[in-house]
Amino acid sequence: MAEQIMSLYQHFEEDFKIGAAINQRTMYSSEEVIKKHFNSLTAENEMKFESVHPNENEYTFEISDKMVAFAEKHQKAMRGHTLVWHNQTSDWIFEQNGGLVDAKILLKRMKDHIDTVVGRYKSKIYSWDVVNEVIADEEDKFYRDSKWYQVLGESFIEKAFEYAHSADPDATLLYNDYNESNPAKRDKIYQLVKQLKEKGVPIHGVGMQAHWNIYDPSLDNIRKAIEKYASLGIEIQITEMDVSMFTFNDKRTDLTEPTEEMEALQMERYLQFFEVFKEYKENIGAVTFWGVADDYTWLNDFPVKGRKNWPFLLDENQQPKEAMKKIIAT
Ligand code: GLA
């Protein structure tokens, strides 16, 4: 008989939600483990702009509707990802008469998009990643130079939150970003959210994507980031967690399975992460993995195409790793 293990989400039920990103394939191929271990779901790609709004007068909700229905059927909460981003956003929104769209029209298109998407899932989606990745990685730059920014300056950020809030006043609205624990970027994210709060913009939290690895970022930087964001009196969600076996610059492709050393380090890191999350449970609303189990991860194609990676708590056979058993046992 297969070994019985308690449910991950039930273990943390008093603390925060435990989420997974799903796609059209994994929602079925991982249905049993999703049911057992997670109580919050995020669509990996299927609610992104280009997926639901390929042309100005065309919305395509078939797949996202299916995912919301799947979450309802299994009584899982659902997050929304993502409304305003520089990637995976259809070109048409930035175009007008063969050139760059003007500010007034872009704002109207953004509003239509947010009204329609957030409105459709009103009260079915508890939290939205409203604005994704607008802070620059370069230390001497504040905002990313996206088309949103080129046309609208920083004003699009607060407008996005306002539109989302009026489309669903009950949803928790987040600013979401990666490298969120890097001190320089963390301070900029903090500044952005602080300014928005001071202006009375309806922003309720920060999404820390948490695309981490077994070496970086340091536990100290993670803790400091959580503390700094929490000091704004907002909610924190861990939104896209994975713990890669490779540092970002490590491009090795010789492994068909993780080394013992990698596995040991990953376990140690996961135990530390969850200890910190527990410590800040008053501030953390959800911890979402960017996938379900090691049989599928976007990291298999990033940053090296076709290289295997093993970033989750469930292995390639969707069985709990030692780290998961230990987390549940503590
Ligand atoms: C970012 C986005 C996610 C996803 C990941 C990579 O973090 O927010 O939607 O695209 O990159 O998969």
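Which residues surround the ligand? To see them in this predicted model, select K48, H81, W85, Q88, N132, E133, Q209, H211, E240, W290 and W298. Coloured by residue class, this shell divides into three nonpolar, five polar and three charged residues.

**Polar contacts of the ligand**

Keep the ligand displayed and select E240 next. An N or O atom in the side chain of E240 lies 2.5 Å from an oxygen atom of the ligand. Move then to Q209, where a side-chain N or O atom is 2.6 Å from a ligand oxygen atom. Finally, select K48: a polar atom of its side chain is found 2.8 Å from an oxygen atom of the ligand. With these contacts in view, display the surface of the ligand: taken alone, the ligand exposes 300 Å², of which the protein buries 88%.

**The pocket**

Hide the individual side chains and display the pockets of the protein. The ligand sits in the largest pocket.

**The whole chain**

Now select the entire chain and switch to a cartoon representation. The chain contains twelve helices and eleven strands. Its radius of gyration is 19 Å, close to the 20 Å that the globule rule gives for 330 residues, so the chain is as compact as a globular protein of that length. Reduce the display to the C-alpha trace and align the view with the principal axes: along them, the trace spans about 60 × 45 × 40 Å.

To end the tour, return to the ligand and restore the side chains of K48, Q209 and E240 within the surrounding shell.

How values were computed
Residues numbered from 1 in each chain as written. Predicted model: local features only at pLDDT ≥ 70, side-chain atom pairs only at ≥ 80, totals over all residues. Heavy atoms only, no water. Near = heavy atom within 4 Å. Polar contact = N/O pair within 3.5 Å; in protein donor to acceptor, adjacent residues only side chain to side chain. Areas by Shrake-Rupley, 256 points an atom, 1.4 Å probe, with all protein chains shown as cover. 1 Å grid on protein atoms, 1.4 Å probe; cavity = no way out; pocket = protein on both sides within 12 Å on 5 of 7 lines; lining within 4 Å. Sits in = over half its atoms within 2 Å of the grid points. Nonpolar A, V, L, I, M, F, W, Y, C, P; charged D, E, K, R; others polar. Helix = DSSP H or I, 4+ residues; strand = E, 2+ residues; numbered from the N terminus. Rg over C-alpha atoms; globule rule 2.2 N^0.38 Å.
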